[in-house]
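Good morning. I have one structure to show today, and I will go through it piece by piece. Please have a look at it first.

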Amino acid sequence: MSQRTLSPSELHRQAVAAYVAAGADESVQRVITALQGVNRSLDRWYAQQLGVLELSQGEWGIIAATARAGEPLTPGQLAHLGHVAPSSMTHRLDKLEERGLIQRSVDENNRTRVLVDLTDNGRELFGRAIRESDVIEAQVLQDLGGAERLELARLLEVVIRRLDQES
């Protein structure tokens with residue numbers, strides 16, 4: 001006998017009920033379980049998007065970190081930002097350079113350092129990926145008005161600051 005697939009909201013309610021039955025605080029579990037569900041759903045969509053762009057998550061991390069920095073970064077800085085070993089960075093950089101998305105150059109102030117920057121193609125890919133993501137992200141939030149989005153963002157930023165203090 002086959003079971004029907006539960007919707008995300010049904011899965012959420014079911015998970016919260018199980019946690020509450022085990023002794024958890026319902027108000028906490030509703031929030032945390034919802035955040036986990038949103039994160040899983042977005043992760044699936046982002047993974048699909050990266051597949052279309054023919055990028056691994058690690059390669060996207062390099063492109064995004066470099067774009068956010070607004071200046072060239074060293075492979076060590078990129079490894080730190082991506083939470084990966086510096087030794088695994090070289091292969092990723094090689095692949096991105098072969099595709100024409102990044103360029104490596106010698107730091108003029110310290111000839112022993114290599115700097116990584118986006119090429120024009122890399123910047124264009126970053127912009128296109130962000131614009132495509134924005135469409136999906138806007139759809140996720142379409143049932144919230146502008147003030148509600150701002151309030152949700154403010155509340156989540158409070159949680160993020162607490163996580164910063166705990167780590």
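I will cover a hairpin, a helix, some backbone angles, a surface patch and the salt bridges.

Keep in mind that this is a predicted model.

I start with the strands. Strand β1 covers residues 102-107 and strand β2 covers residues 110-118; they run antiparallel, and six bridges join them. The two strands form a hairpin, with two residues between them. Which residue of β2 is the bridge partner of D107? That is N110.

Now pick out V114, which lies in β2. Is V114 buried, partly exposed or exposed? Its relative accessibility is 34%, so V114 counts as partly exposed, because that class runs between 20% and 50%. If we set aside the neighbours within four places in sequence, V114 is in contact with L73, T74, P75, R104 and S105. Take T74 from that list. V114 and T74 are 40 residues apart along the chain, yet their C-alpha atoms are separated by 5.9 Å.

Next, helix α3, residues 57-69. This helix has 13 residues, and from the first C-alpha to the last it reaches 18 Å, close to the 18 Å expected at 1.5 Å a residue. Its buried residues are G58, E59, W60, I62, I63, A64, A65 and T66. What do they pack against? The partners are the helices α2, α4, α5 and α6, and also strand β2 from our hairpin. Just after α3 comes G70, with a positive phi of about 75 degrees.

That brings me to backbone angles. Most residues other than glycine have a negative phi. Two residues here are worth pointing at on that account. E54 is not a glycine, but has a positive phi of about 60 degrees. Where does E54 lie? In the loop between α2 and α3. With a relative accessible area of 62%, E54 is exposed. The other one is H83, again not a glycine, with a positive phi of about 55 degrees. H83 lies in the loop between α4 and α5, and at 73% relative accessible area H83 is exposed.

Now the surface. V28, V31, I32, L35, V140, L141, L152 and L156 form a nonpolar patch there, with about 570 Å² of accessible area together. The elements giving two or more residues to this patch are α2 and α7. Which of the elements gives the largest share? It is α2, with four residues. One patch member, I32, lies in α2, and at 36% relative accessibility I32 counts as partly exposed.

Last, the salt bridges. How many does a search of the whole structure find? Eight. I will show some of them. R4 and E10 meet through their side chains at 2.8 Å, N to O. R4 is exposed, with a relative accessible area of 57%, whereas E10 is partly exposed at 22%. D117 and R123 meet at 3.6 Å, N to O. In the pair R154 and E151, the closest N and O atoms are 2.8 Å apart. Both of these residues lie in helix α7, three residues apart, which is about one turn of the helix. An α-helix has 3.6 residues a turn, so residues three or four places apart point the same way. Finally, D94, E97 and R104 are linked in a network of salt bridges. R104 has come up before, as one of the contacts of V114.

That is all I have.

Terms used:
Residues numbered from 1 in each chain as written. Predicted model: local features only at pLDDT ≥ 70, side-chain atom pairs only at ≥ 80, totals over all residues. Heavy atoms only, no water. Pairing = 2+ DSSP bridges. Expected span 1.5 Å × (residues − 1). Buried < 20%, exposed > 50% of the residue type's maximum accessible area, 1.4 Å probe, protein only. Contact = heavy atoms within 4.5 Å. Patch = residues over 30% accessible without salt bridge, like charges linked within 9 Å, V, L, I, M, F, W, Y side chains within 5 Å. Areas by Shrake-Rupley, 256 points an atom, 1.4 Å probe, with all protein chains shown as cover. Salt bridge = Lys/Arg side-chain N within 4 Å of Asp/Glu carboxyl O.
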